[in-house]
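Subject: Handing over the structure

Hi,

Here is the structure I promised to pass on to you. Please open it first, and then read my notes below alongside it.

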Amino acid sequence: MTTILETINSPADLKKLSIPELKQLANELRTFIIDNVSKTGGHLSSSLGTVELAIAIHYVFDTPEDRLVWDVGHQAYAHKILTGRRDRMPTLRQYKGLSGFPKRSESPYDCFGTGHSSTSISAILGMAVAAKALGKKDRSHIAVIGDGAMTAGMVFEALNCAGDMKDLRLLVILNDNDCSISPPVGALKNHFTQLMSGQFYAQARDIGKAIVRPFPKLFDLTKRAEEYSKGMVAPHSTLFEEFGMNYHGPIDGHDLEVLIPVLQNMKQLNGPLVLHVVTQKGHGYAPAVDNPTKYHGISPFDSSKGIVPSPHAKTYTEVFSDWLLDIARKDPRVIAITPAMKEGSGLVAFAKEFPSRFFDVAIAEQHAATFAGGLAAEGLKPVCTFYSTFSQRAFDQIVHDVAIQDLPVLFPLDRGGLVGADGATHHGSFDLSFLRCIPNLVIMAPSDENECRQMLYTGYKLDHPAIVRYPRGKGPGVPVDKEMHELPLGKARLVRTGNAPKGSRVAMLAFGSMLAEAKAVAEKIDATVYDMRFVKPVDADAIEEAAKNNDLLVTLEENVIIGGAGDACLEVLAAKGIPADVLQIGIPDRFIQQGDNLHLYQECGMEEESILNKIEERLKRVE
C-alpha cells in the first residue's frame, strides 16, 4: 500500500492534503524517523517532538520563498524529509551524506545553516530587514527556537533589536518542550490564542489604540489592561511584550487542528510576533518520552528494544567525571560549572553528590567563563567545562575576565578535535589556535586516560588559568592511577628513541590524541616519538633536541594546522635560529564535514597510511 509520506516530495504536496491526511502523515513521519535514526544514529527525541510543527509550517507558509530557520537544527529531521530529502535520509550524518543540521548548500529550504544554539532570531531578523530593502514586503520570516536555546544572551539581544521593527513580517515560534498544558486549561489557551491571532482582534486592537492614543493616561491604562488579560491566560507573555513582540499562546504543538489555523492567522499579521507552542520530546516513542536526554543524540540502536547499555572502556568524559568527584571530596573549594551540558560533559554524578557546588548556567558560555572568574577571585577553585566547539563563544571572557587577571580557573575542554557525525559545526578544530595566543594560559593535551587525569590535577594545582583539552569518546585503554600527581610544567616525555640511519632520521612531536598514530608510524620507520603533553608552554628543549638529532621533524595534532601546536614548534625553532625540515600534520584549512572518524582522518591525511606517505615523500625531497 502506498503511504502518504511516499507522495510527499516537497511542501507543495502537503497543501493538497486534508487535516485527517496530515495527521496520518505525522504518524508515518514519526515511524520513518525512528526507523531511520535507529540505523544512522542522530538526534531523535527533539525531532520527534516537532513533527506536527514542521508539517504545519510548510502547509501554511510558502517555503522556501518564506524563510524558515530552525534553531540549533537537531529538531529539523521532519523538515528535511518534507523538503525533498526523504530518499537520502539513510545517509544522515554519514560520510558525504546528509548533514544532521540545516545546511545552506544542501537545500534551498535550509536558508541558514545552524548547529550552535540561539542564532535563529538574529539570522531571521537580518533576512526580514533584507526583504524590506529588496521590496519583498509579502515574504514571511519564521524562526523556530527551543525553550533551552532561549536562555542564551544572544536571543535577548535579537529580541531587543526586533521589538523596534514594527513593519517586518517576523514570527518567532517558541518550541517549549519543558512544560505541559493540562487538558482543560489547554483547551482554553488554544481557543484564546486563535481569537488573539485573528485579523478581527488585531484590527480592533489597532482601532482602539488609535482612539485612546491622544489621551496618555487612558492609553496607558488600556495597554496595561491588555497585558494583564493576556497574563491571566498566558503568564509567559509579559517578557515578550516588554520587548515589543506581540505574543500568542501557548498552544498544543501536536494538535494540527489548532496549529494550522493559528499559523494561518499569524501569517496575515505584520510586526514581530511570538507563537508559544508546547511539545513533548520523543512524542510517539515511549522510550524517548520516558528519557528524552538519553535519546537526544544517539548511536544506532534496535528500535524495538530501545537503547541497551553495553560495557565499554572509559571515555575521556568519564575520566574527567571521576577525577572531579575525587578532587571535590578532598577540596570543598571546588565548584563545577556547565553551560547546559551536564550530561554530555560528565557532571551528572557531581551534581547529585554536590548540588550546592554545581551550577548549570544555561546556554551561556560567556557568562559561565566570567562567573568562574568571579569565583576564582574570591579564592574558590572553579572547574568550568565546555565542549571545544562551544568554547569559541567564550573567547572574550577567557581573555578579558580570566587570563588578563591571571585567575586560576580550570577549563576542561571536551570534544577536542574531530567529532564524527555532528560535522563542521561541532568539530573541535580551532581551540588550540585561538587559545594558544592568550598570555597566562596553560594548555595541556592528554594522549591517554591516565595522562588526562594527571593533567586535570596539574591544572587544578596551578595558580593560573589552565586548559585540559581531550577528545570525544574512548582513549587507548591505559589504566588510570587513583593517585594524582602534578606533571612538570611545559615538559614533554620521550616515548620512543629511533635508530634509523642518517638521512632518514625522523622525530615525531605528537600532541594529545595523535600519539597513537605517531607510535604506529614510528614502528614502521624506526622514528623517535615525543608525547609533547603541553601546547603552552611548549617544551623548547625537547624541540631543540629533536631538531639537532634528526633529519625531519613531524608535528601531529588534531587541530587546524594554522596557528596550532605545530606552529608553536616552528616558533621555537625560529627563536633559537635552528634550521630544521618540519612536516606539519593536522586538520587542513577547510571545514571538515560529517562522517565516521576513520574517513575524516583519511580526508585530512591524519591516519597512519597517509602520515607514512607524507613522510616518505618529504624524505625523498630532502635527499
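The lining of the largest cavity draws at least two residues from each of strand S3 (169–176), H12 and S5. Of these, S3 gives the most, with three residues. Please keep in mind as you look around that this is a predicted model. The volume of that largest cavity is about 60 Å³, and the structure holds four cavities of 30 Å³ or more. If you would like to display the lining, select Phe61, Ser140, His141, Arg169, Leu170, Leu171, Met266, Lys267, Leu269, Gly271 and Leu273.

From the cavity, you can move on to strand S4 (residues 246–252). This strand is mostly covered, with six of its seven residues buried. S4 pairs with S5 in the parallel sense, over five bridges, and His248 stands opposite Leu275 in S5. To get from S4 to S5, the chain passes through helix H12 (residues 256–267), and this β-α-β crossover is right-handed.

S4 also has a backbone feature to look at. Pro250 is found in this strand, and the peptide bond leading to Pro250 from Gly249 is cis, with omega near 0°. A second cis peptide bond joins Lys536 and Pro537, where omega is about -5°. Pro537 has its place in the loop between strand S16 (534–536) and helix H22 (540–549). As background, most peptide bonds are trans, and most residues other than glycine have a negative phi.

On the subject of phi, there are two residues to check. Asp406 has a phi near 55°, a positive value in a residue other than glycine. You will find Asp406 in the loop between helix H18 (395–403) and S10, and it counts as partly exposed because its relative accessibility is 24%. Asn440 likewise has a positive phi, near 75°, and is a residue other than glycine. Asn440 sits in the loop between helix H19 (431–436) and strand S11 (442–444); at 37% relative accessibility, this residue counts as partly exposed.

The loop with Asp406 leads us to S10. How many of the five residues of strand S10 (residues 410–414) are buried? The count is five of the five, so the strand is largely enclosed by the rest of the structure. Leu410, Pro412 and Asp414 point one way from S10, while Phe411 and Leu413 point the other way, and all are buried. S10 pairs in the parallel sense with strand S9 (residues 386–387) over two bridges, and with strand S12 (residues 466–469), again in the parallel sense, over four bridges. Leu413 takes part in both pairings: in S10, Leu413 is the bridge partner of Phe386, and in S12, the bridge partner of Leu413 is Arg469.

Next, the aromatic rings. The count comes to 15 aromatic pairs. One of them is formed by Tyr285 and Tyr295, which meet edge-to-face at 5.9 Å centre to centre with 85° between the planes. Tyr285 lies in the loop between strand S5 (271–278) and helix H13 (286–290), and Tyr295 in the loop between H13 and helix H14 (316–330), so this pair ties together parts that are ten residues apart in sequence. Both residues count as buried: Tyr285 has 8% relative accessibility, and Tyr295 has 3%.

Tyr285 also forms an aromatic pair with Phe301, this one tilted, at 6.5 Å centre to centre with 50° between the planes. Phe301 lies in the loop between H13 and H14, so the pair with Tyr285 ties together parts that are 16 residues apart in sequence. Phe301 counts as buried too, at 12% relative accessibility. Tyr285, Tyr295 and Phe301 form one aromatic cluster.

Two rings also have a charge over them. The charged end of Arg357 sits over the ring of Phe354, 4.4 Å from its centre. Over the ring of Tyr460 sits the charged end of Lys381, 5.2 Å from the ring centre.

One last stop is Leu619, in helix H25 (residues 608–622). Is Leu619 buried or exposed? With a relative accessible area of 12%, Leu619 is buried. Leu619 and Asp581 are 38 residues apart in sequence, and their C-alpha atoms are 9.6 Å apart in space.

Happy exploring, and best wishes!

Technical notes:
Residues are numbered from 1 along each chain as its sequence is written. This is a predicted model: local features need pLDDT of at least 70, side-chain atom pairs count only at pLDDT 80 or more; totals for chains, interfaces and linings use all residues. Side-chain values use heavy atoms; hydrogens and water are left out. Rings of Phe, Tyr and Trp (its six-membered ring) pair if their centres lie within 6.5 Å; planes under 30 degrees apart count as stacked, over 60 as edge-to-face and the rest as tilted. Buried means under 20% relative accessible area, exposed over 50%, partly exposed in between (1.4 Å probe, protein chains only). A charge sits over a ring if NZ of Lys or CZ of Arg is within 6 Å of the ring centre and within 35 degrees of the ring normal. Two strands pair if DSSP finds at least two bridges between them. A crossover is right-handed if, with the strands pointing away from the viewer, the path from the first strand over the helix to the second runs clockwise. On a 1 Å grid over the protein atoms alone, a cavity is a set of points where a 1.4 Å probe fits but cannot get out, and a pocket is an open set with protein on both sides within 12 Å along at least five of seven lines; lining residues have an atom within 4 Å of a point. Grid points are joined across faces, edges and corners, and a volume is the space filled by probe spheres set on the points.
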